[in-house]
Amino acid sequence: FNTLNGISVLVRKDPDVACAMIARLADLLRLTLESTGAQEIPLDQELRMLECYLEIEKMRYADRLHVVLEVEPEVKSAFVPNLILQPLVENAIRHGVARKSAPSTIRICARRYDGTLALSIEDDGPGLPDGDGYREGIGLSNTRSRLARLYRGEFAFTMERLIPKGAAARISIPFHTVALS
């Protein structure tokens, strides 16, 4: 829905970019429909969907959004919750990139530690509010609920303040290359 709002703003301002965004949104929706009903998908498939979303956001933020992807090749076959990364990256853009006028970087990492898959999304925005100012919104609480339902007590999900600035969403789930039943 945020993408549609962004497109509606660009329709009059920059029709060519709006058309390109619509094409990428169509690609994203096609990929999403392919995995409808699947609780988990391979990380490689999740990253393809995320790439479509990021291409839309790069059009929206032009030169202000830089993305660094650090994914160990051996983890691409690991299964992850379907659409787990997109809302976290959207959160990083909304609370990090959008709040800065200077160029911003989002770093997406996936690594294996022993029997665990570690995923992280970091931004260099203003970071989390001090003290009691931080509240988990709907997107983050839904992410936490999904992880709890899929992995019971075998997961970790944290939001961290980065020093000197920025925030990180970190997920740790069991590493597995066959979908849970």
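These are my notebook entries on one helix pair, several single residues and the unusual backbone angles of a predicted model.

**Entry 1. Helix H3**

I began with H3, which runs over residues 43–61. I noted 19 residues in H3 and a reach of 26 Å from its first C-alpha to its last, close to the 27 Å expected at 1.5 Å a residue. I then looked up burial along H3. The buried residues are Leu 43, Gln 45, Glu 46, Leu 47, Met 49, Leu 50, Cys 52, Tyr 53, Leu 54, Ile 56, Glu 57 and Tyr 61. Asp 44 also lies in H3; I recorded Asp 44 as partly exposed because its relative accessibility is 32%. Between the C-alpha atoms of Asp 44 and Arg 99 I found a separation of 30 Å, with their positions 55 residues apart along the chain. After H3 comes Ala 62, with a positive phi near 45°.

**Entry 2. H3 against H4**

How do H3 and H4 pack? I read an angle of about 25° between H3 and H4 (residues 85–95), with the axes 9 Å apart. This angle makes H3 roughly parallel to H4, since angles under 35 degrees count as such. The crossing of H3 past H4 is right-handed.

I listed the residues that meet in this pair. H3 contributes Leu 43, Glu 46, Leu 47, Leu 50, Tyr 53, Leu 54, Glu 57 and Tyr 61, and H4 contributes Leu 85, Gln 86, Val 89, Glu 90 and Ile 93. By class, I recorded nine nonpolar residues, one polar and three charged in the contact of H3 with H4. Glu 46 and Glu 57 of H3 take part in this contact, and I had already entered both among the buried residues of H3.

**Entry 3. Val 71**

I turned next to Val 71, found in strand E2 (residues 65–71). Is Val 71 buried or exposed? Its relative accessibility is 18%, so I entered Val 71 as buried; the cut-off for that term is under 20%. Leaving aside neighbours within four places in sequence, I found Val 71 in contact with Leu 43, Leu 47, Lys 76 and Ala 110. Of these partners, Leu 43 and Leu 47 are also residues of H3 that meet H4. The C-alpha atoms of Val 71 and Leu 119 are separated by 9.1 Å, although 48 residues apart along the chain.

**Entry 4. Ser 104**

I located Ser 104 in strand E4 (residues 104–113). Ser 104 counts as buried because its relative accessibility is 2%. With neighbours within four places in sequence left aside, its contacts are Arg 64, Leu 65, His 66, Val 97 and Asp 124.

**Entry 5. Backbone angles**

I closed with the backbone. Most residues other than glycine have a negative phi, and most peptide bonds are trans, so I noted the departures.

- Leu 83 has a positive phi, near 60°. I placed Leu 83 in the loop between strand E3 (79–81) and H4, and entered it as partly exposed at 29% relative accessibility.
- Asp 114 has a positive phi of about 50° and is not a glycine. I found Asp 114 in the loop between E4 and strand E5 (116–123); its relative accessible area of 75% makes Asp 114 exposed.
- The peptide bond from Ile 163 to Pro 164 is cis, with omega near 10°. I placed Pro 164 in the loop between strand E6 (156–161) and strand E7 (167–174).

Definitions and conventions. Residues numbered from 1 in each chain as written. Predicted model: local features only at pLDDT ≥ 70, side-chain atom pairs only at ≥ 80, totals over all residues. Heavy atoms only, no water. Axes fitted to C-alpha atoms, helices over the stretch in contact; angles between N-to-C directions. Helix = DSSP H or I, 4+ residues; strand = E, 2+ residues; numbered from the N terminus. Parallel < 35°, antiparallel > 145°, perpendicular 65-115°, else oblique. Left-handed = near helix turned anticlockwise from the far one by under 90°. Contact = heavy atoms within 4.5 Å. Nonpolar A, V, L, I, M, F, W, Y, C, P; charged D, E, K, R; others polar. Expected span 1.5 Å × (residues − 1). Buried < 20%, exposed > 50% of the residue type's maximum accessible area, 1.4 Å probe, protein only.
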